[in-house]
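Good morning, and thank you for the time. I should like to present one structure, beginning with its pockets and cavities and then turning to the chain as a whole. Please look at the display before I continue.

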Amino acid sequence: MASKTYLVPVDFSQGSEAALNSALRIAKEHHGKLLLLHVVSTAFTFPLETGFAEVFDALEKNARQSMAKLIKRKRLKPRQCRSLVVTGVNAADVIAAAAKKSRAAMIIMGSHGKTGWQRFLLGSTAERTLRYAQCPVLIVKK
């Protein structure tokens with residue numbers, strides 16, 4: 001029996017909300033469940049000093065609150081979805097690993113649509129996820 005879990009990375013942007021809307025339709029059509037995932041980035045380009053653990057704790061707490069608000073706003077029930085907030089250096093690695101661990105049928109994620117220098121400097125989590133994931137990845141533009 002094939003998995004009917006659809007992993008939806010959320011960063012609380014319009015793009016990830018568009019992906020969530022698409023994922024809701026797909027899950028409903030295929031009688032599946034959603035796994036909402038938010039990755040709190042621990043990647044910094046400067047050395048961390050003592051006391052920075054509190055910053056990560058605050059970011060994680062804020063993400064959990066934002067996730068709860070999103071779930072409430074979308075009127076999602078526990079039988080429809082579950083959510084995870086995790087930390088990691090490379091969001092694409094974390095997303096691909098979570099998809100593998102949960103045996104997701106598909107990753108459904110948004111794209112910020114960055115081009116040119118922004119994409120070169122910031123990279124593309126969606127593009128890297130496509131490379132790392134072992135399941136299909138659907139990229140939804142807002």
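Let me begin with helix α1, which contributes three residues to the lining of the second largest pocket, the most of any element. This is a predicted model, and I shall come to its confidence values later. The second largest pocket encloses about 150 Å³ of space. Which residues line this pocket? They are L24, A27, K28, H31, G32, L34, R79 and Q80. By character, the lining of the second largest pocket divides into three nonpolar, three polar and two charged residues.

I turn now to the cavities. The structure holds one cavity of 30 Å³ or more, and the volume of the largest cavity is about 30 Å³. Its lining is formed by V10, F12, S13, S16, E17, L20 and L70. Which helix supplies the largest share of that lining? Helix α1, spanning residues 14–29, supplies three residues, the largest share. In the lining of the largest cavity, four residues are nonpolar, two are polar and one is charged. Helix α1 therefore deserves a second look on the display, as the main contributor to the lining of the largest cavity and to that of the second largest pocket.

Next, the chain as a whole. How many helices and strands does the chain have? There are five of each. Read from the N terminus, their order is β-α-β-α-β-α-β-α-α-β. The chain has 142 residues, and 37% of them count as buried. As for contacts with a separation of 6 or more, 77% are made by residues 24 or more positions apart. The accessible surface of the chain amounts to about 9,200 Å², with 55% of it belonging to carbon and sulfur atoms.

Finally, the confidence of the prediction. The average pLDDT of the chain is 86, and 83% of the residues score at least 70. Where in the chain is confidence lowest, and where is it highest? The lowest mean, 48, falls in helix α4, residues 116–122, whereas strand β1, residues 5–9, has the highest, at 97. Where pLDDT is low, predicted coordinates should not be read in detail. I would ask you to keep that caution in mind when viewing helix α4, with its mean of 48. Thank you for your attention.

Methods:
Residues are numbered from 1 along each chain as its sequence is written. This is a predicted model: local features need pLDDT of at least 70, side-chain atom pairs count only at pLDDT 80 or more; totals for chains, interfaces and linings use all residues. Side-chain values use heavy atoms; hydrogens and water are left out. Helices (H or I, at least four residues) and strands (E, at least two) are DSSP runs, numbered from the N terminus. Buried means under 20% relative accessible area, exposed over 50%, partly exposed in between (1.4 Å probe, protein chains only). Contact means heavy atoms within 4.5 Å. Accessible areas come from the Shrake-Rupley method with a 1.4 Å probe; for residues, only the protein chains shown count as cover. On a 1 Å grid over the protein atoms alone, a cavity is a set of points where a 1.4 Å probe fits but cannot get out, and a pocket is an open set with protein on both sides within 12 Å along at least five of seven lines; lining residues have an atom within 4 Å of a point. Grid points are joined across faces, edges and corners, and a volume is the space filled by probe spheres set on the points. Ala, Val, Leu, Ile, Met, Phe, Trp, Tyr, Cys and Pro count as nonpolar, Asp, Glu, Lys and Arg as charged, and the others, Gly among them, as polar. pLDDT is the predictor's confidence in each residue, from 0 to 100.
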